[in-house]
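Student: I should like a close look at a single part of this model, namely its largest pocket, together with the contacts and charged pairs that surround it. Please take the account from the pocket outward in one connected answer.

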Amino acid sequence: MEKKVISEIDYLLIEEVKALRIKKGISKAKLSSKLKLAGSFVGKVEDLSQRDKYSIRHLPLLVKALGLKSIGQLFPSTPVKNMIEITYEKIPKLNKDGSESKQFVEKIIQIIEVEEQ
């Protein structure tokens, strides 16, 4: 198992963009292209083992790329914690034939609040 500490607002944004992207049938590479960023950017943001994340300057670009009306649609829930620790494991994706892919998905095991010091 692996762990990552991230701000809750960053995590919620990443998860909402991912859900909207999938719902609209937009690939990671296509969204990266719509944002005028490197083709691997969105994939890195969605991968918990990577450090990449969206910044404030990406918000209006995400709204346009996802066909939303406002930035508020990117935040359907309000964060209540500052920093969180996500415990997850990477498990292989399954191919259509049931065999294991070389690609992985992250299975969230636990999310806890990180106490401020």
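**The largest pocket and its surroundings**

Tutor: In this predicted model, 19 residues line the largest pocket, and those nearest its centre are Lys-28, Glu-46, Phe-104, Val-105 and Glu-106. Four elements each contribute two or more residues to this lining: helix 1 (8-23), helix 3 (41-46), strand 2 (83-94) and strand 3 (100-113). Strand 3 makes the greatest contribution, with 6 residues. The space in the pocket amounts to about 400 Å³. By class, the lining comprises 10 charged, 7 nonpolar and 2 polar residues.

The charged residues deserve attention next. Side chains of opposite charge can pair when their charged atoms come close. Across the whole structure, a search finds 5 salt bridges. One of the residues nearest the pocket centre, Glu-106, forms a salt bridge with Lys-90, with 3.5 Å between the closest N and O atoms. Since Glu-106 belongs to strand 3 and Lys-90 to strand 2, this pair ties together parts that are 16 residues apart in sequence. Glu-106 is partly exposed, its relative accessible area being 24%. Lys-90 likewise counts as partly exposed, at 28% relative accessibility.

Lys-90 has a further partner: its side chain meets that of Asp-47 in a salt bridge, at 2.9 Å from N to O. Here the pair ties together parts that are 43 residues apart in sequence, because Lys-90 lies in strand 2 whereas Asp-47 lies in the loop between helix 3 and helix 4. Asp-47, Lys-90 and Glu-106 are thus linked in a network of salt bridges.

The loop between helix 3 and helix 4 takes part in another charged pair. Lys-53 forms a salt bridge with Asp-10, and their closest N and O atoms are 3.2 Å apart. Lys-53 lies in that loop and Asp-10 in helix 1, so the pair ties together parts that are 43 residues apart in sequence. The two partners can be set side by side: Lys-53 is partly exposed, with a relative accessible area of 41%, whereas Asp-10 is buried, with a relative accessible area of 16%.

From helix 1 one may pass to the nonpolar interior. In soluble globular proteins, nonpolar side chains tend to be buried together. The largest nonpolar core in this model has 24 residues, and Val-17, Leu-31, Tyr-54, Leu-66 and Leu-74 are those that touch the most other members. Helix 1, helix 3, helix 4 (58-65) and strand 2 each supply at least two residues of this core. Helix 1 gives the most, with 5 residues. Helix 1, helix 3 and strand 2 are also among the elements that give two or more residues to the pocket lining.

Tyr-54 illustrates how these parts meet. Leaving aside residues up to four places away in sequence, Tyr-54 touches Asp-10, Leu-13, Ile-14, Val-17, Leu-31, Leu-35, Phe-41, Val-42, Val-45 and Leu-62. Among these contacts are Asp-10, the salt-bridge partner of Lys-53, and two residues, Val-17 and Leu-31, that are named with Tyr-54 as touching the most other core members.

Helix 4 extends the picture. Within helix 4, the residues His-58, Leu-59, Leu-62, Val-63 and Ala-65 are buried. Their cover includes helix 1, helix 2 (28-34) and helix 3. His-58, in helix 4, has a relative accessible area of 4% and is therefore buried. Apart from residues up to four places away in sequence, His-58 touches Leu-37, Phe-41 and Lys-53. Phe-41 is thus a contact of His-58 and of Tyr-54. After helix 4 comes Gly-67, whose phi is positive, near 70°.

A last residue offers a contrast with these buried positions. Leu-94 lies in strand 2, yet Leu-94 is exposed, with a relative accessible area of 60%. Not counting residues up to four places away in sequence, Leu-94 touches Ser-99 and Glu-100. The C-alpha atom of Leu-94 is separated by 35 Å from that of Arg-57, and the two residues are 37 residues apart along the chain. Strand 2 therefore includes both the exposed Leu-94 and the partly exposed Lys-90, the latter being linked with Asp-47 and Glu-106 in the network of salt bridges.

Technical notes: Residues are numbered from 1 along each chain as its sequence is written. This is a predicted model: local features need pLDDT of at least 70, side-chain atom pairs count only at pLDDT 80 or more; totals for chains, interfaces and linings use all residues. Side-chain values use heavy atoms; hydrogens and water are left out. On a 1 Å grid over the protein atoms alone, a cavity is a set of points where a 1.4 Å probe fits but cannot get out, and a pocket is an open set with protein on both sides within 12 Å along at least five of seven lines; lining residues have an atom within 4 Å of a point. Grid points are joined across faces, edges and corners, and a volume is the space filled by probe spheres set on the points. Ala, Val, Leu, Ile, Met, Phe, Trp, Tyr, Cys and Pro count as nonpolar, Asp, Glu, Lys and Arg as charged, and the others, Gly among them, as polar. A nonpolar core is a set of buried Ala, Val, Leu, Ile, Met, Phe, Trp, Tyr and Cys residues joined through side-chain atoms within 4.5 Å. Buried means under 20% relative accessible area, exposed over 50%, partly exposed in between (1.4 Å probe, protein chains only). Contact means heavy atoms within 4.5 Å. A salt bridge is a side-chain nitrogen of Lys or Arg within 4 Å of a carboxyl oxygen of Asp or Glu.
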